[in-house]
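Work through the exercises below with the sequence and the model side by side. Try each task before you read its solution.

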Amino acid sequence: MYEAKKTPHKKICFHNDVLQESIDHRLRVEGEINDALEHFAFHAHYQPQVDLNGKLIAAEALIRWHHPERGLIYPNDFIPVAERMGAMDKMQEAMLTEACETLCQLKRLDLLKDNFRISVNICPSQLKSNTLPMNLIRTLEHYELSPGYFMLEITEGMLIEDLEQTVSILDELRQKGFKISIDDFGTGYSSLSYLNSLPVNEIKIDKSFISTLSDEPSTHGVIDTVIALSKHFHFEVIAEGIEQPTQLEVLRKKDVKGVQGYLFAKPMNQSDFINWVKAA
């Protein structure tokens with residue numbers, strides 16, 4: 001019944017062993033997620049963003065689950081279940097709290113610059129909630145931090161459903177001082193009509209376009225188009241997924257604000273990230 005309800009285009013679903021196994025797995029993961037939330041097992045790993053001269057400008061906070069038996073678990077293996085069970089608000093609070101603690105540590109060490117930002121990902125269910133701005137502000141006020149230290153990342157696909165509601169919430173967030181970024185740009189359903197109305201500060205070029213980038217001009221088309229489009233709308237551009245020096249050299253000749261990828265650093269836990277910032 002729930003499988004049929006989940007997909008509006010399906011009128012009938014038949015029970016089978018595969019479906020039962022899927023349900024059993026989901027229920028097991030749901031129980032583990034609740035336990036992990038109680039024991040603070042979700043943590044932020046930070047991947048630096050640097051400008052074209054290698055100077056640190058920001059970092060993206062990526063959620064990781066430290067499972068007692070399976071070790072480090074990546075978001076694709078638990079976020080869909082967490083969204084379905086309504087646990088994203090608690091995960092967001094855990095991530096935001098740790099990001100605030102990281103910023104406070106950087107501040108105490110005199111390593112926090114006024115223009116530095118931490119990017120935090122927002123999921124679809126959160127973007128539909130009118131309480132999102134209030135929840136974010138409440139946590140920041142506890143740590144006495146400005147919203148200006150945060151870039152809120154949404155994916156392009158999240159803009160399709162209820163655009164009016166999305167624009168309203170994003171506009172409220174930006175008025176409170178948060179910056180807004182569209183992640184994985186170019187992989188969703190781009191439309192000039194909605195880009196013109198979105199309160200967005202930044203666009204991130206998806207790594208799938210970077211992976212094919214080379215000295216050959218034919219590989220530059222999509223990236224050049226995204227950069228030209230962003231310039232027209234006064235968006236800043238971040239290129240993610242930089243793994244090869246040749247990719248960086250090509251991007252040095254283009255109008256991008258910053259870059260992110262394994263060429264510079266892999267995502268790190270809080271302690272390693274702070275040490276990385278010290279060294280940088």
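## Exercise 1: A run of parallel strands

Strand 5 (150-155) and strand 6 (residues 179-185) run parallel and are joined by five bridges. This is a predicted model, in which local features need pLDDT of at least 70 and side-chain atom pairs count only at pLDDT 80 or more, while totals for chains, interfaces and linings use all residues. Residues are numbered from 1 along each chain as its sequence is written, and side-chain values use heavy atoms, with hydrogens and water left out.

**Task.** Follow the pairing onward from strand 5 and strand 6, and find which residues stand opposite each other.

**Solution.**
- Fix the terms. Strands (E, at least two residues) and helices (H or I, at least four) are DSSP runs, numbered from the N terminus. Two strands pair if DSSP finds at least two bridges between them.
- Start at strand 6. Its residue I180 stands opposite L152.
- Move to strand 7 (residues 202-205). It pairs with strand 6 over three bridges, in the parallel sense. Here I182 stands opposite I203.
- Go on to strand 8 (residues 236-240). Four bridges join it to strand 7, and the two run parallel. K204 has I238 as its bridge partner.
- End at strand 9 (residues 258-260), which runs parallel to strand 8 with three bridges between them. A239 stands opposite V259.

## Exercise 2: Covered or open?

**Task.** Is strand 6 largely enclosed or open, and why? Then examine strand 8.

**Solution.**
- Set the cut-offs. Buried means under 20% relative accessible area, exposed over 50%, and partly exposed in between (1.4 Å probe, protein chains only).
- Count in strand 6. Five of its seven residues are buried, so the rest of the structure largely encloses this strand.
- Count in strand 8. Four of its five residues are buried, so that "mostly covered" fits under the 20% cut-off.

## Exercise 3: Over the helix and back

**Task.** What unit do strand 8, helix 11 and strand 9 make? Which residues does K254 contact?

**Solution.**
- Trace strand 8, helix 11 (residues 245-252) and strand 9. They make a right-handed β-α-β unit. Right-handed means that, with the strands pointing away from the viewer, the path from the first strand over the helix to the second runs clockwise.
- Stop in the loop between helix 11 and strand 9. K254 is found there.
- Check its cover. K254 counts as buried, at 16% relative accessibility.
- List its contacts (heavy atoms within 4.5 Å). Leaving aside neighbours within four places in sequence, K254 touches L52, H220, I223, D224 and I227.

## Exercise 4: One face of a helix

**Task.** Where do the buried residues of helix 6 fall, seen down its axis?

**Solution.**
- Gauge the helix. Helix 6 (residues 132-143) has twelve residues and reaches 17 Å from its first C-alpha to its last, close to the 16 Å expected at 1.5 Å a residue. The expected span is 1.5 Å times one less than the number of residues.
- Pick out the buried residues: L132, P133, L136, I137, T139 and L140.
- Look down the axis. These residues fall within an arc of 165 degrees, so they line one face of helix 6. The arc is that of the directions from the helix axis to the C-beta atoms.
- See what they pack against: helix 4, helix 5 (124-127), strand 5 and helix 7 (163-175).
- Turn to the face away from the buried side. M134, E141 and H142 are exposed there.

## Exercise 5: Positive phi

**Task.** Where do E144, D184 and H234 lie?

**Solution.**
- Recall the rule. Most residues other than glycine have a negative phi.
- E144 comes just after helix 6, with a positive phi of about 55 degrees.
- D184 has a positive phi of about 55 degrees although it is not a glycine. D184 lies in strand 6. It is partly exposed, with a relative accessible area of 25%.
- H234 has a positive phi near 65 degrees. H234 lies in the loop between helix 10 (221-233) and strand 8. It is exposed, at 71% relative accessible area.
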